[in-house]
Amino acid sequence: MNSSRMISAFSIKLSRNLSSDVRVRFAPSPTGRLHLGGLRTALYNFLFARANAGNFIIRIEDTDQTRIVPGASEAIESDLLWMGIEPNESPSKGGSYGPYVQSLRLDHYRDNTNRLIENGTAYRCFCSDKRVELLRREAVRRGAVPRYDNRCRSLSSDEIAEKLSTGTTHCIRFKLEAGPDMFEDIVYGKIVLDTASIEGDPVILKSDGFPTYHLACVIDDHLMEISHVLRGVEWQISTSKHLQLYRAFGWKPPQFGHLPLLMNSNGTKLSKRQGDIDVQHFKQTGVFPEVLLSFVTEFGGGFIRERGEATVYTMQDLIKQFNFSSLHTSSCKVDLDRLTRLNRLELDRKLQNPESLKLLCRQLRNLVLEKNNGELSPNSPTLSDANLIRLLQWGLPRMSRLEDFIGDDLKYIWFKPSHTLLLETVKDSPEKFASVLEEASVCIPKVNITDKGSFAEAIKNHCKSVDLNYRSAMKSLRAALCGLKAGPPVAELIDNIGKEEATLRLQLAAQALRKKRLNSDTQLS
């Protein structure tokens, strides 16, 4: 290996000290929502900056214009803010190193690419897309790795001038240096890569004037004075290429560290194409932001903390615990069931705190009103703080999210059920069942519902008097109260919806059964 390349590689780690100005960046592509892998990268960069009194920058890498999702850039920054990850500089916040969107920085890439052409480390490539595709197909046919054959490296200045004079479309390629490159990854340690042995010269500026990732990130990291590049391990293989670009420009590179791969529980790689692992999904399904933050720190290391029961940490806790040197290097499996357990833990904690409890009541009230079909008013007793607190405490052992309280199995708490199931359940003797429902509605205000024996005894006695099966009667009670075939005991249903509302529902259900009997009698006559 060239000794100067080895020395410069080791000097990457030794030249910077964490006490110097730390500037890190999270640079997502706006091709979709922010997913767990991206969140983990953003969080670790943020924590690294805060732990070292540095600056955290958000930069949008939108050079692949064909894959841009409208609104994605704004959504990513919004999701980060919801999580408490606030940048010092970003597209929306601005800063002295902007613009922070790569499509607005094309002049930087063009001017610096011309520098590389002038110093002989880059060249114009006039190969058509068709020729490059044929090279790829031939490599695949031979079972080889597709690579460009560097044909245009050897063009003479006259040949280049002739092609330029005729307006031949071209891109700019970077000349890869032969031989291995060594660098010190602050997570993985010494890494040796020989990029030129497996790749052809890469395109750095496309024919449309947009840079590729490799050129843009190197130029932007230099101009924005990024001190540490912390990114996913899938980019580790590109680091050699980036170090060669730094040498070609004569710039000092930042330190590089790569985060281990996140995997699904079945061993497949997490992907932003999975609809259930983006921040917006977790937000919409009731996961608390502090829970999601704690969750992504549970796999892959990077924190000094005591091992024990699951804990939900604040952002300040995470900043204090953060220790980059304790990061793991092996891939990490993500257990989403653990996220559910953490969310239940946080819900329980919030129920114990008066201020948090008020917020939970307000959030649950809003969730119910969003589902409202006009049946409930915001001032309904059902939505009073006292009733909501009672329901929250009742539901905690079985709920992990506020959204669980408005699921299909609990809609009966807030809204009257239809009589569809009741009418299907009661096939014969609707008058007898109607009388049971009315008897129950009379009993509810008189007896202690929590004393299951007294209420059940009253219903049993009435069933005997009208010669009706007790179990069938209870099924009709359940159908009238909640519209479900299964659920909590009838006494618990009444307690959940309140005696007044339960009495009203039973009376309405009795009327529906009598109407059914009347219609049946009319048809027979």
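## Exercises on a predicted model

Asn 150 lies in the loop between helix H5 (129–141) and helix H6 (157–165). The structure is a predicted model, and the exercises below begin with this residue.

**Exercise 1.** Determine what is notable about the phi of Asn 150, and find the loop that holds Asp 467.

*Solution.* Begin with the general rule: most residues other than glycine have a negative phi, and most peptide bonds are trans. Asn 150 has a phi near 60 degrees, which is positive although the residue is not glycine. Next, consider Asp 467, a non-glycine residue with a positive phi of about 60 degrees. Asp 467 is placed in the loop between helix H18 (452–465) and helix H19 (470–482). Finally, classify its surroundings: the relative accessible area of Asp 467 is 64%, and exposed means over 50%, so Asp 467 is exposed.

**Exercise 2.** Identify the geometry of the peptide bond between Gly 98 and Pro 99, and locate Pro 99.

*Solution.* Omega for the bond joining Gly 98 and Pro 99 is about 0 degrees, and the bond is cis. Pro 99 belongs to the loop between helix H3 (72–82) and helix H4 (106–118).

**Exercise 3.** Describe the sheet that contains S3, S4 and S7, and decide which strands stand at its edges.

*Solution.* First, read the order: the sheet is open, has three strands arranged S3-S4-S7, and pairs them antiparallel. Second, count partners: strand S3 (122–125) and strand S7 (203–205) each have a single partner strand, so each is an edge strand with one side left without a neighbour in the sheet. Third, note the twist, which averages 45 degrees from one strand to the next. Fourth, inspect one pair: strand S4 (residues 171–174) and S7 are joined over two bridges in the antiparallel sense. Within this sheet, Ile 172 has Leu 205 of S7 as its bridge partner.

**Exercise 4.** State which residues of the largest nonpolar core touch the most other members, and which helix gives the most to this core.

*Solution.* The largest nonpolar core has 105 residues, of which Leu 36, Ile 85, Leu 292 and Trp 414 touch the most other members. Helix H2 (residues 36–51) gives the most to this core, contributing nine residues. Apart from this core lies another, of 30 residues, including Phe 183 and Ile 226.

**Exercise 5.** Establish how many residues of helix H20 (residues 490–497) are buried.

*Solution.* Six of the eight residues of H20 are buried, and the helix is mostly covered. Among them are Val 490, Leu 493 and Ile 497. After H20 comes Gly 498, with a positive phi near 95 degrees.

How values were computed:
Residues numbered from 1 in each chain as written. Predicted model: local features only at pLDDT ≥ 70, side-chain atom pairs only at ≥ 80, totals over all residues. Heavy atoms only, no water. Core = buried A, V, L, I, M, F, W, Y, C linked by side-chain atoms within 4.5 Å. Buried < 20%, exposed > 50% of the residue type's maximum accessible area, 1.4 Å probe, protein only. Helix = DSSP H or I, 4+ residues; strand = E, 2+ residues; numbered from the N terminus. Pairing = 2+ DSSP bridges. Axes fitted to C-alpha atoms, helices over the stretch in contact; angles between N-to-C directions.
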